[in-house]
Amino acid sequence: MKSKLRAVSNTSFITVMHNIGYLNLCNQVFERIYLPRSVYQEVKQSDIRPLIARLEEAVRNEMIVIKECSNTALVNSLKSFLGSGEAETIALALELKDVEVVILDDLKARNLCRRLNIGKRLTGTIGVLKFMLTHGVIKENADTVITRLEQAGFHFKKELFKNC
């Protein structure tokens, strides 16, 4: 595998990866994942102790870095269309020059991110999982990953895992 990537992510990716047991594998793909402060707060307020503990561990290990968005005007503008986490994720992606990947699952946020043409690869949880499967990071087969996603209540089309 080439050098590891730097990404900015919204809440759903962190939560889903934890819920299906693969959050600890992200360090094999990502050098660093930046989380906007609102995303970090959202996870902390979830009161899901194992998730919070895993997140805190990743922050201590500097695999996850919490960042403030400096462009509050852009964040406020984006909040008129999106939730706080999605708005700050997009704003942070624009601010951080070393980020190559933006991870968003919300369709409205993804479409807006595409329209803004921010010049970074846009993917979602499924895209990251497919990458992990095809590069041998996840040792289980695609059917196992699909089952884990379904058990976690994540909504997706199974066809997205075709050719994995």
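**View A. By class, six nonpolar, two polar and one charged residues line the largest cavity.** The model shown here and in every other view is predicted. One cavity of 30 Å³ or more is present in the structure. The volume of the largest cavity is about 60 Å³. Strand E5 (121–123) and helix H7 each give two or more residues to its lining. Helix H7 gives the most, with three residues. The full lining runs through Leu 5, Val 29, Phe 30, Val 101, Arg 121, Thr 123, Gly 127, Val 128 and Phe 131. A probe the size of a water molecule, rolled over the atoms, shows where empty space is left.

**View B. The largest pocket has a volume of about 230 Å³.** Its lining includes Asp 105, Leu 107 and Arg 110. Thr 123, Gly 124, Thr 125, Ile 126 and Gly 127 also line this pocket. The rest of the lining is Phe 154, His 155, Phe 156 and Leu 160. Helices H6 (107–116) and H7 (125–134) are the elements that give two or more residues. Helix H7 gives the most to the lining of this pocket, with three residues. By class, the lining divides into five nonpolar, five polar and two charged residues. Thr 123 and Gly 127 line the largest pocket and also the largest cavity of View A.

**View C. Ring pairs join Phe 154, Phe 156 and Phe 161 into a cluster.** How many aromatic pairs does the structure hold? It holds three. In one of them, the ring centres of Phe 156 and Phe 161 lie 6.0 Å apart. Their planes stand at 80 degrees, over the 60-degree cut-off, so this pair is edge-to-face. Phe 161 has a relative accessible area of 5%, under the 20% limit, and therefore counts as buried. Phe 154 and Phe 156 also belong to the lining of the largest pocket, shown in View B.

**View D. The second largest pocket has a volume of about 160 Å³.** Leu 23, Asn 24, Cys 26, Asn 27 and Glu 31 are among its lining residues. Arg 54, Glu 57, Ala 58, Asn 61, Glu 62 and Met 63 line it as well. Helix H3 (residues 49–60) provides the largest share, three residues. The lining holds four nonpolar, three polar and four charged residues.

**View E. Thr 89 sits in helix H5 (residues 84–95).** Is this residue buried or exposed? Thr 89 has 0% relative accessibility, so it counts as buried. Its side chain reaches two backbone oxygens: that of Gly 85 at 2.7 Å and that of Ser 9 at 3.4 Å. Beyond four places away in sequence, Thr 89 touches Val 8, Ser 9 and Asn 10, among others. Pro 36 and Val 39 are also touched by Thr 89. Val 102, Ile 103 and Leu 104 complete the set of contacts. Ser 9 thus appears in the contact list of Thr 89 and supplies one of the backbone oxygens reached by its side chain.

**View F. Asp 98 lies in the loop between helix H5 and strand E4 (101–103).** Its relative accessibility of 31% falls between the 20% and 50% limits, so Asp 98 counts as partly exposed. Which residues does Asp 98 touch, not counting those up to four places away in sequence? They are Arg 6 and Tyr 34. Arg 6 is 92 residues from Asp 98 in sequence, yet the C-alpha to C-alpha distance is 6.9 Å. The Tyr 34 contact is polar, side chain to side chain, at 3.1 Å.

**View G. Asp 47 and Asn 117 are loop residues with positive phi.** Most residues other than glycine have a negative phi. Asp 47, in the loop between helix H2 (37–45) and H3, has phi near 65 degrees. Asn 117, in the loop between H6 and E5, has phi of about 50 degrees. Asp 47 has a relative accessible area of 54%, over the 50% limit, so it is exposed. Asn 117 has 64% relative accessibility and therefore also counts as exposed.

Conventions: Residues numbered from 1 in each chain as written. Predicted model: local features only at pLDDT ≥ 70, side-chain atom pairs only at ≥ 80, totals over all residues. Heavy atoms only, no water. Helix = DSSP H or I, 4+ residues; strand = E, 2+ residues; numbered from the N terminus. Buried < 20%, exposed > 50% of the residue type's maximum accessible area, 1.4 Å probe, protein only. Polar contact = N/O pair within 3.5 Å; in protein donor to acceptor, adjacent residues only side chain to side chain. Contact = heavy atoms within 4.5 Å. 1 Å grid on protein atoms, 1.4 Å probe; cavity = no way out; pocket = protein on both sides within 12 Å on 5 of 7 lines; lining within 4 Å. Points joined across faces, edges and corners; volume = space filled by probe spheres on them. Nonpolar A, V, L, I, M, F, W, Y, C, P; charged D, E, K, R; others polar. Phe/Tyr/Trp six-rings, centres within 6.5 Å; stacked < 30°, edge-to-face > 60°.
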